[in-house]
Amino acid sequence: MGLTCLHNKLIFPSLPHVSFPFSKNPNPRIFPRKRNLCLPSASDTLVAGSRKELSSKKDDEFGDLKSWMHKNGLPPCKVVLKERPSHDEKHRPIHYVAASEELQAGDMVFSVPNSLVVTLERVLGNETVAELLTTNKLSELACLALYLMYEKKQGKKSFWYPYIRELDRQRGRGQLAVESPLLWSEDELAYLTGSPTKAEVLERAEGIKREYNELDTVWFMAGSLFQQYPYDIPTEAFPFEIFKQAFVAVQSCVVHLQKVPLARRFALVPLGPPLLAYRSNCKAMLSAVGGAVELVVDRPYKAGEPIVVWCGPQPNSKLLINYGFVDDDNSYDRLVVEAALNTEDPQYQDKRLVVQRNGKLSIQAFHVHAGKEKEAVSDMLPYLRLGYVSDPSEMQSVLSSQGPVCPVSPCMERAVLDQLADYFNRRLSGYPTTLNEDESLLSDPNLNPKRRVATQLVRLEKKILHACLQATIDMIDELPDHTVSPCPAPYAPLLK
């Protein structure tokens, strides 16, 4: 039973340590209307403030995360918690899981019992309710975030206090100490100008807002769970910005368990991400085995080396949004080219039938994988050629043929390739910097970390686009007659 990290990040920043009088409120579902919302105040939060403020001696009684886990059932393991400095002096160094001794491929390094794993089944206590919530309008991430936000309000009374304290320390940052762009400012998002990732970030943020508006559903459907919390309903207890930070932090550390019931498929595992570093070329995965979640490493390690796990087949855009990092060696990296038949074409319906017969759609997304750009361009050509067919008799011939066969004239081929070349050039011109300028930026050791990961991303995107453009130019150069003008195309396919 394997596990991959989730896509589709818990800073519980700004959740104050407020001690509400449990005994003075006989009905925890009724709370005074005058209340103290969890506003982001540097003076009363777990994650804000100086390092000294965060290193309160009052927390010594709990020990570190691993010590707390051992006290609560974690068997002896082969890892230790180490730290690396943060780029922001206001924040404490981030922790990471490292080998405590020399390891060989196949060694099991830890086995976290289910009693120390947070799942929706554990949170809601009823698998039916859990499935109902997550198949309606709320995701597992939203429910897990809400649960830990309420738990944090209990402070040290919460069983999960040491784990939440560790998540606060990490601030939803990956091992590059960078937060998801979901938490970046507008000026910082400008680093992604030209990249489709910027639109993905804004779309994901809108989705989080929609989930926030549905949070009260959890309160009313799982009332027995929330009887223990003497606070207002979620949207009154937590401002949207606080929920967004919690949601993004959960997103950064949740793992996707395989071959388990629906209510257990998303899990928060202490010693798991973000303490474990993700790597695209790694095969090690957390696995649900019996009553625990285990990690078996896929490579040898020396004592002190950070442990890495596979993050699933995700492109760099998803790695940045979900976990705040970009992998230069990501074999799953890709860009999307969206092609669409022209709906104003008189032969649109016939062409739609042809593309459906060949396993494509009237609006088709072509995935261009890094290193396979020429193959991707070749895969687009039959679709684009079909869009250029204008003669009704030729269209009938296409309809009666088997397979994606279109009559190809020299002028049509030149028109299709010219359209592709113009498209790739247009996308490249949308970036404010060139590849050479990106390389120069990345050579600066003092470059802002958010600017660095954004530049890494756009640089890799441009490399894919340049390779696509070169493949297209090479095909144009291979045409037998360069004197042929491109065919007119009143209903050419649309590329975006």
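**Figure 1. A partly exposed cysteine, C411, at one end of a disulfide.** C411 counts as partly exposed, with a relative accessibility of 22%. Its partner in the disulfide is C487, and here the label changes: C487 is buried, at a relative accessible area of 18%. The cut-off that matters for this pair is 20%, since buried means under 20% relative accessible area and partly exposed begins above that. Please keep in mind while looking at this and the following views that the model is predicted.

**Figure 2. The link between C411 and C487.** The structure holds 1 disulfide, and this view centres on that bond, with the sulfur atoms of C411 and C487 set 1.6 Å apart. Look along the S-S bond and you will find a right-handed link, with an angle of 55° about that bond. Distant parts of the chain are brought together here, as 76 residues separate the two cysteines. C411 belongs to helix 17 (residues 410–429), while C487 sits in the loop between helix 19 and strand 14 (494–495).

**Figure 3. Two further cysteines, C253 and C468.** How accessible is C253, buried or exposed? With a relative accessibility of 0%, C253 counts as buried. C468 is also placed in the buried class, its relative accessibility being 1%.

**Figure 4. Helix 18 against helix 19.** Two packed helices are described by the angle between their axes and the distance between the axes. For helix 18 (residues 435–442) and helix 19 (residues 449–477), the axes come within 10 Å and cross at roughly 150°. Angles over 145 degrees count as roughly antiparallel, so helix 18 and helix 19 are roughly antiparallel to each other. Their crossing is left-handed. On the helix 18 side, the contact is made by L435, D438, E439, L441 and L442. Helix 19 contributes R451, R452, T455, Q456, V458, R459, K462, K463 and H466. Sorted by character, the residues of this contact comprise 4 nonpolar, 3 polar and 7 charged.

**Figure 5. S111 and its surroundings.** Where does S111 lie? You will find S111 in strand 4, which covers residues 108–113. S111 is buried, because its relative accessible area is 15% and buried means under 20%. Leaving aside residues up to four places away in sequence, S111 touches L74 and P75 as well as A292, V293 and E294.

How values were computed: Residues are numbered from 1 along each chain as its sequence is written. This is a predicted model: local features need pLDDT of at least 70, side-chain atom pairs count only at pLDDT 80 or more; totals for chains, interfaces and linings use all residues. Side-chain values use heavy atoms; hydrogens and water are left out. Helices (H or I, at least four residues) and strands (E, at least two) are DSSP runs, numbered from the N terminus. Buried means under 20% relative accessible area, exposed over 50%, partly exposed in between (1.4 Å probe, protein chains only). Contact means heavy atoms within 4.5 Å. Axes are lines fitted to C-alpha atoms, for helices over the stretch in contact, and angles run from 0 to 180 degrees between N-to-C directions. Angles under 35 degrees count as roughly parallel, over 145 as roughly antiparallel, 65 to 115 as roughly perpendicular and the rest as oblique. A crossing is left-handed if the near helix is turned anticlockwise from the far one by less than a right angle, and right-handed if clockwise. Ala, Val, Leu, Ile, Met, Phe, Trp, Tyr, Cys and Pro count as nonpolar, Asp, Glu, Lys and Arg as charged, and the others, Gly among them, as polar. A disulfide is a pair of cysteine sulfur atoms within 2.5 Å.
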